[in-house]
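Biologist: I am new to this structure and would like a close look at a single part of it. Could you take one helix and go through it slowly, with the reasoning laid out?

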Amino acid sequence: MISLEHLMQPPPSGQITSHESHGHLYSSEPSEAVMTTKNWLGQQFVEVTVGQEPVRTAHSKQEARDAFYAHKETAWQRVMFAYYEDGWEAALKEIMNSRTDGRILQAASKVASCTLKLLRIANKVQELLPSPKRTISSATSLAHGTGGSVVSVAWHPHTCTLAAVFCDDTVRVFSASYSITPLLKHRLQKSVTQIAWMPYSASQLAVGCEGGILLWTLDPVNVVTRPSGSCVMLLSHPSTTPVNALSWHPKGNLLACVGDSSSVLLVWDVGREVSEVAHCGRQDSISIVLWSPEGSRVFVGYASKTMRVFETQNWSYEWWSLDSPVQSAVWSANGHVLLFVTQEEPILFCIGFIDGEGVGGAKVAAQVADFTAKEVTLESSENVIVGGAVRQLAWDPRSERLAVIFRQTEYIALFHTSFQPSLHLAPGGFIRGEMGRIPVTASFRQNLASGAVLSVVWSSGQVQHIPMRYASREMARPANIAHSSLLSPHINHNISFNTSVAANISLVHRVPSLPTSPLIGGLFTSP
């Protein structure tokens, strides 16, 4: 089993990882690294900038707006404007600020003041209560506490376009083809958890948030700075509001989503604007949903020590029992291998799948890599800690580079992966940003013919692109991946899917059960 000991030393202090060439990671001064990236990517370089205006949270926007109100506006007009722009809380604050504009408003101001006090008390009580969403925090929610401006990014599947979520719950769209940066903002767009571009669409972006799913449509020809409300459609269901996670079908016609503290797996037919419950559990709340690249399976992770994989023909499923909830998971490009990590074990697990009737998952998971924290000595004789608990896994679209983002260390572990025909892992190296910056989340660019580009969001709010130049090879489809062996070309270790049982985690294969939804086929049949 491969471990962090097999990776080369991290970059020395004062240098950051700039690029990969022919399987080796190179580092340089921060300014030189940026120039290298721009030179390598050329016209395909997408720079993520905050802009001239500072990024702030939505709580203090009312103060700045007051300076621009027209004198002819009445107090009630200002209240309605605040409601349409930022919701009920902003409207109540505006009523309080307008208490000198008449007796009726004075009385309303007292009511608004009492209401706001009750809301603050309710929010404090809610913070003290246990919540599955706080236990299994996504990379986006974790990034909100770092104080940075950008908290997550998502690459468009077909164009050189990058959407970035900012700490004020706005979304900005950056493109190498346009200098204009659209700003997506809506009064229901609060507590953004995840964004995802629709496959085979040039302009539709799904934003999961407190109000549901906001589906933005951006005209790729007539780009505007601030798309209007007519460019957004709300997909909302009581069982999945607020939205905790979402995932597109690879053909873009279906959108799976789950809600905070909800056990309902909901699938939207976006074109028809209708939804169906694919599965509804009894107690466990769902924290992760992930559609496989070929569309035949859906992975679902729960806040409890359970995970399920559904097949999308009849929506039957198989489930595995864990020692710790799933933290992050990724599918291979052909949908036959699932890699995942749990919240407590610094171990990378793998489950293989075969085509046929049902889900076809292996009975037990294999340990693929050990991420146990270790101390390493840099060239400058400085001792640093690498590894530990994992925050996120990121696998490039061809399953040739695997990035592992840790919770409390400054370094990202990079592995080379391939199928020949079984899964092979080889050491790549460590990726480092500026001093004191912790990686929050990472995303691979989707539409490259060869090589890869890893975009990392650091705790400072900056986005760094790391180009990786190597000869891509067509991924061979394994004949029987569920019963093959895993062998790193640099390490003499064989791990069988059938016989290897994790030391600290026990996964049990169950007989496929009938789906809880009465609808078989139709909307839920994979195209």
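Modeller: What follows is a walk along one helix, α1, in what is a predicted model. Helix α1 covers residues 30-41, and its 12 residues, at 1.5 Å a residue, should span 16 Å; the C-alpha atoms at its two ends lie 17 Å apart, which agrees with that expectation. Turning to the side chains, Ala33, Thr36, Thr37 and Leu41 of α1 are buried, and when one looks down the axis of the helix these buried residues fall within an arc of 115°, so they line one face of α1. The background to this is that an α-helix has 3.6 residues a turn, so residues three or four places apart point the same way. Ser31 and Asn39, by contrast, are on the other side of α1, where they are exposed. As for what the buried residues of α1 meet, they pack against four strands, namely β2 (16-21) and β3 (24-28), together with β31 (452-458) and β32 (463-469). Where the helix ends, the chain continues with glycine 42, which comes just after α1 and takes a positive phi of about 60°. Taken together, α1 has one face lined by its buried residues, with Ser31 and Asn39 exposed on the other side, and glycine 42 just after the helix.

Conventions: Residues are numbered from 1 along each chain as its sequence is written. This is a predicted model: local features need pLDDT of at least 70, side-chain atom pairs count only at pLDDT 80 or more; totals for chains, interfaces and linings use all residues. Side-chain values use heavy atoms; hydrogens and water are left out. The expected span of a helix is 1.5 Å times one less than its number of residues. Buried means under 20% relative accessible area, exposed over 50%, partly exposed in between (1.4 Å probe, protein chains only). The arc is that of the directions from the helix axis to the C-beta atoms. Contact means heavy atoms within 4.5 Å.
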